[in-house]
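Here is a short report on how one protein chain is put together. Keep the picture open as you read.

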Amino acid sequence: MNKFFVILAFFVAGFPVWASTPGQIFEQLHRAAREVAPGFSASAQRGEALFRAKLGTGEAESCMTCHTPDARRAGQHFRTNKLIEPLAPSANQARFTDMAHVEKWFRRNCREVLGRTCTAQEKADFVAYMKLL
Ligand code: HEC
């Protein structure tokens, strides 16, 4: 078959060729965390604590400020009021399928809430929690 149609088929099906699964994204983040902290094991419980922590060190109080206390529900940006689709992959199959997108938003949102970027361990914990929802 013509290459063009194979590529087109992927787009029509909604599965870009470079897409990953949340499981693969998690594995990649977990490996990165183990590189900086050998023996590290991700914890969904710590991920939930990060999601719920009210730190007040950044502009937004917590992740829940925009993503609501239930990441399976749609949220709203606290400044722009823009709708944010659910963060949990069980409620939104586009989530955690594109590492560049995931890293970009971790960078932005961790700064927004924590006033710093998240560590590799925090990212692995967070995705462990999201996968569990
Ligand atoms: C100021 C509002 C806001 C806050 C606070 C916020 N987020 Fe987000 N988040 C967004 C927006 C906007 C997007 C991207 C829009 C979209 O993809 O729907 C997003 C997307 C993400 C994504 C991308 C997931 C994917 O695969 O699409 C991750 C990861 C994420 N947020 C993590 C966090 C974490 C962790 C926190 C808390 C430390 C947090 N967010 C706090 C607004 C926020």
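The report below covers the overall layout, the helix packing, the core and a few loop residues.

**Layout**

The model is predicted. The chain has 133 residues, and 26% of them are buried. Its secondary structure comes to six helices and two strands. Read from the N terminus, the order of the elements is α-α-α-α-β-β-α-α. Take the contacts between residues at least 6 apart in sequence: 57% of these join residues at least 24 apart.

**Helix α6 and its partners**

Start with helix α6, residues 120-132, and helix α2, residues 22-36. Their axes come within 8 Å and cross at roughly 150°. Angles over 145 degrees count as roughly antiparallel, so α2 is roughly antiparallel to α6. The crossing of α2 with α6 is left-handed.

Which residues make this contact? From α2 come Pro22, Ile25, Phe26, Leu29, His30, Ala32, Ala33 and Val36. They meet Ala120, Gln121, Lys123, Ala124, Val127, Ala128 and Lys131 of α6. Eleven of the residues in this contact are nonpolar, two are polar and two are charged.

Now turn to α3. The axes of α3 and α6 come within 7 Å and cross at roughly 95°. That angle makes α3 roughly perpendicular to α6. On the α3 side, the contact uses Ala44, Arg46, Gly47, Glu48, Leu50 and Phe51. On the α6 side, it uses Glu122, Asp125, Phe126, Ala128, Tyr129 and Leu132. Here the residues divide into seven nonpolar, one polar and four charged.

**The core**

In soluble globular proteins, nonpolar side chains tend to be buried together. In this model, the largest nonpolar core holds 23 residues. Which of its members touch the most others? They are Ala124, Val127 and Met130. Four elements give two or more residues to this core: α2, α3 (44-52), α5 (99-114) and α6. The most come from α6, which gives six residues.

Look at Val127 in detail. Leaving out residues up to four places away in sequence, Val127 touches Ile25, Phe26, Leu29 and Phe96. Ile25, Phe26 and Leu29 also appear in the α2 side of the contact with α6.

**Three loop residues**

Now for the loops. Is Arg95 buried or exposed? Arg95 is buried, because 21 other C-beta atoms lie within 10 Å. It sits in the loop between β2 and α5. Apart from neighbours within four places in sequence, Arg95 is in contact with Pro22, Leu87, Ala88 and Pro89. Arg95 and Thr21 are 74 residues apart in sequence, and their C-alpha atoms are 8.7 Å apart in space.

Thr68 and Asn81 each have a positive phi. Thr68 is not a glycine, yet its phi is about 65°. Asn81 is also a residue other than glycine, with phi near 65°. Thr68 lies in the loop between α4 (64-67) and β1 (75-76). Asn81 is in the loop between β1 and β2 (83-84).

How many C-beta neighbours does each of the three residues have? The table lists them.

| Residue | C-beta neighbours within 10 Å | Class |
|---|---|---|
| Arg95 | 21 | buried |
| Thr68 | 16 | partly exposed |
| Asn81 | 7 | exposed |

The cut-offs explain the classes. A residue is buried at 20 or more neighbours and exposed at 12 or fewer. Thr68, with 16, therefore counts as partly exposed.

Note on methods:
Residues numbered from 1 in each chain as written. Predicted model: local features only at pLDDT ≥ 70, side-chain atom pairs only at ≥ 80, totals over all residues. Axes fitted to C-alpha atoms, helices over the stretch in contact; angles between N-to-C directions. Parallel < 35°, antiparallel > 145°, perpendicular 65-115°, else oblique. Left-handed = near helix turned anticlockwise from the far one by under 90°. Contact = placed C-beta atoms within 7 Å. Nonpolar A, V, L, I, M, F, W, Y, C, P; charged D, E, K, R; others polar. Core = buried A, V, L, I, M, F, W, Y, C linked by C-beta atoms within 7 Å.
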